[in-house]
Amino acid sequence: MPYSPQIAVIGAGIVGAASALRALQAGLRVTLIDPHPPGNAQASSYGNAGWLSSHSIIPPATPGVWRQVPGWLTNPLGPLTVRWRYLAKAVPWLLRYLESGRTYEQIEQTAKGLRALLRDAPDLHLEMAKIAGVPQLIQKNGLLHVYPSREQFHKDTRLWQIRGNEGVRWLELDHQELTLREPHLNPRYQFGLFVPDTGHCTNPGLYVQSIVQHIVRHGGAIAQTEATGFRYRNGQLHSVVTTAGEIECSKAVIATGARAKALAHQAGDEVCLETERGYHAVISSTTVGPHTPTMLMDEKVIVTAMTTGLRIAGQVEIAALDDTPNWKRAEVLCQLLARAYPSLSCVITPDQINVWMGRRPSTPDGLPCIGRASRSPDIIHAYGHGHVGLAGSARTGRIVAQLLTNQSPEIELSPYSAQRFRNS
Ligand SMILES: Cc1cc2nc3c(=O)[nH]c(=O)nc-3n(C[C@H](O)[C@H](O)[C@H](O)COP(=O)(O)OP(=O)(O)OC[C@H]3O[C@@H](n4cnc5c(N)ncnc54)[C@H](O)[C@@H]3O)c2cc1C
């Protein structure tokens with residue numbers, strides 16, 4: 001019988017789940033390690049906006065963004081805010097963030113890296129969802145961006161051009177076409193862009209849970225504990241150390257999202273990783289809302305009809321991982337939702353609203369860390385997907401399995417090197 005090594009995948013968010021699924025399919029024996037049940041609300045993978053946006057290739061920091069810095073510090077409810085008491089700790093990340101989006105040439109480079117990862121995200125997710133027995137959770141019907149006016153869109157033209165150069169296609173919609181497609185949308189949105197080769201997931205938490213259940217049904221294991229480090233023997237990886245003892249393995253994957261920094265350090269790499277916290281509000285039992293998941297481009301929030309209700313998600317808050325949530329932000333989201341879909345305000349009651357805060361695992365340049373660790377080639381980095389972790393997880397899982405089985409990865413991995421922060 002061929003030797004089947006034991007793989008420890010640390011973290012059972014969507015990146016860990018996708019990696020474990022592909023490793024299992026490659027014939028490896030897999031144990032997922034996570035202190036929380038898969039698909040739970042502590043993971044960013046639970047509460048995101050569900051976008052499988054193969055076109056989300058522009059990093060968050062773009063040229064001129066530094067002009068907004070005073071607003072980040074003075075408006076705690078703005079689209080991006082930094083908590084004062086965390087500012088000193090966040091400064092190195094923030095400086096790299098501003099630097100990485102300083103020129104359009106840098107944005108083009110990042111866009112190439114993200115496009116390679118995301119190009120066929122909806123297809124790859126549908127494939128995984130079919131394997132897990134939940135194909136209905138993945139929809140491939142496109143995504144919509146709406147602007148108050150065509151002039152506002154023109155301010156973003158250069159960024160859309162970069163998308164176009166990477167093969168992204170879209171359809172421009174005037175006010176009349178937009179109203180026909182989205183009758184509930186506030187008429188103050190006069191212009192839209194429909195991006196057809198994209199999709200969405202209608203219940204991200206259930207999706208993760210279903211993938212992990214499939215893994216367990218097919219021989220994978222779950223260890224409900226927290227990983228704290230690695231133990232090496234004769235220079236080789238021997239086990240993952242957890243709060244419940246050691247789990248022996250010949251290879252390990254770090255997929256702990258926003259909490260990856262400490263394990264990455266133990267694997268020999270100092271990564272620049274912060275959490276861009278975000279919020280959502282879900283309104284249950286409503287029929288008002290968009291037909292196509294919609295990004296309100298002036299507010300930088302996304303509205304998606306989920307199986308659990310109408311979800312509005314977004315905002316960026318730079319704060320310590322375990323700082324208390326600012327639930328006023330979720331209230332703001334509800335206000336934005338009611339403004340964008342005015343007929344909603346008459347039908348929402350407070351008991352219909354559920355709110356959530358999650359932690360995007362974010363590098364300053366918007367590219368994830370995927371690849372082998374410095375201390376041991378048997379430890380694989382797979383985190384840091386920031387705003388596109390759901391979309392990017394499907395290809396990441398495939399690449400992780402290729403690295404675990406010593407195959408050449410299907411895309412060039414240098415843009416995602418965890419060692420790229422060394423010299424900057
Ligand atoms: C408001 C919001 C909207 C978003 N919208 C989208 C979107 O529309 N599309 C998109 O592609 N992305 C979106 N994202 C980003 C996306 O949700 C994340 O990038 C993605 O979920 C990250 O997945 P992950 O598996 O790396 O991390 P997580 O989902 O956070 O999972 C990490 C897991 O690791 C576990 N863990 C942590 N430390 C340890 C440890 N020491 N030992 C064991 N386990 C550990 C945690 O318990 C957790 O289960 C959004 C994020 C937010 C906050």
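Trainee: How many of the ten residues of β19 are buried?

Mentor: This is a predicted model, and β19 spans residues 353–362. Buried means under 20% relative accessible area. Strand β19 is mostly covered, and the count of buried residues is seven of its ten.

Trainee: Which strand is joined to β19 by ten bridges?

Mentor: Take one pair of residues to begin with. Ile353 in β19 is the bridge partner of Ile283. The two strands run antiparallel, and the partner of β19 across the ten bridges is β15.

Trainee: Which element gives the largest share of the shell around the ligand?

Mentor: Five elements each supply at least two residues of that shell: α1 (14–25), α2 (44–47), β15 (274–283), β19 (353–362) and α13 (389–404). The largest share is four residues, and it comes from β19.

Trainee: How many residues surround the ligand, and which are the closest?

Mentor: The shell divides into 17 nonpolar, 17 polar and four charged residues. In total, 38 residues surround the ligand, and the closest are Asp34, Gln42, Ser45, Gly386 and Ala391.

Trainee: How much of the ligand's exposed area does the protein bury?

Mentor: Start with the backbone around the ligand. A backbone N or O atom of Gly386 lies 2.7 Å from a ligand oxygen, and one of Leu390 lies 3.0 Å from a ligand oxygen. A polar backbone atom of Ala391 is 2.7 Å from an oxygen atom of the ligand. Taken alone the ligand exposes 1,000 Å², and the share the protein buries is 95%.

Trainee: With which side chain does His381 make a polar contact?

Mentor: His381 is found in strand β21, residues 379–383. Its relative accessible area is 0%, so His381 is buried. Its side chain makes a polar contact at 2.7 Å, and the partner is the side chain of Asp269.

Trainee: Is Arg115 buried or exposed?

Mentor: Arg115 is found in helix α5, residues 104–118. Its C-alpha atom is separated by 6.9 Å from that of Ser54, 61 residues apart along the chain. The cut-off for buried is under 20% relative accessible area. Arg115 has 7% relative accessibility, so Arg115 counts as buried.

Trainee: Why is one side of β11 and of β13 left without a neighbour in the sheet?

Mentor: The sheet is open, with antiparallel pairing and the order β11-β12-β13. β11 (227–233) and β13 (245–248) stand at the edges, so one side of each is left without a neighbour, because each has a single partner strand.

Trainee: By what angle are neighbouring strands of this β11-β12-β13 sheet turned against each other on average?

Mentor: Look at one pair of neighbours. β11 and β12 (residues 236–242) pair in the antiparallel sense over six bridges. Within that pairing, Tyr232 has Leu237 in β12 as its bridge partner. With direction ignored, the average turn between neighbouring strands of this sheet is 35°.

Trainee: Which strands stand at the edges of the sheet with the order β3-β9-β5?

Mentor: This sheet of three strands is open, with antiparallel pairing. An edge strand here has a single partner, so one side of it is left without a neighbour in the sheet. The edge strands are β3 (51–52) and β5 (138–139).

Trainee: Which residue in β9 is the bridge partner of Gln139?

Mentor: β5 and β9 (residues 199–201) pair in the antiparallel sense. Two bridges join them. The partner of Gln139 in β9 is His200.

Conventions. Residues numbered from 1 in each chain as written. Predicted model: local features only at pLDDT ≥ 70, side-chain atom pairs only at ≥ 80, totals over all residues. Heavy atoms only, no water. Pairing = 2+ DSSP bridges. Axes fitted to C-alpha atoms, helices over the stretch in contact; angles between N-to-C directions. Near = heavy atom within 4 Å. Polar contact = N/O pair within 3.5 Å; in protein donor to acceptor, adjacent residues only side chain to side chain. Areas by Shrake-Rupley, 256 points an atom, 1.4 Å probe, with all protein chains shown as cover. Nonpolar A, V, L, I, M, F, W, Y, C, P; charged D, E, K, R; others polar. Buried < 20%, exposed > 50% of the residue type's maximum accessible area, 1.4 Å probe, protein only.
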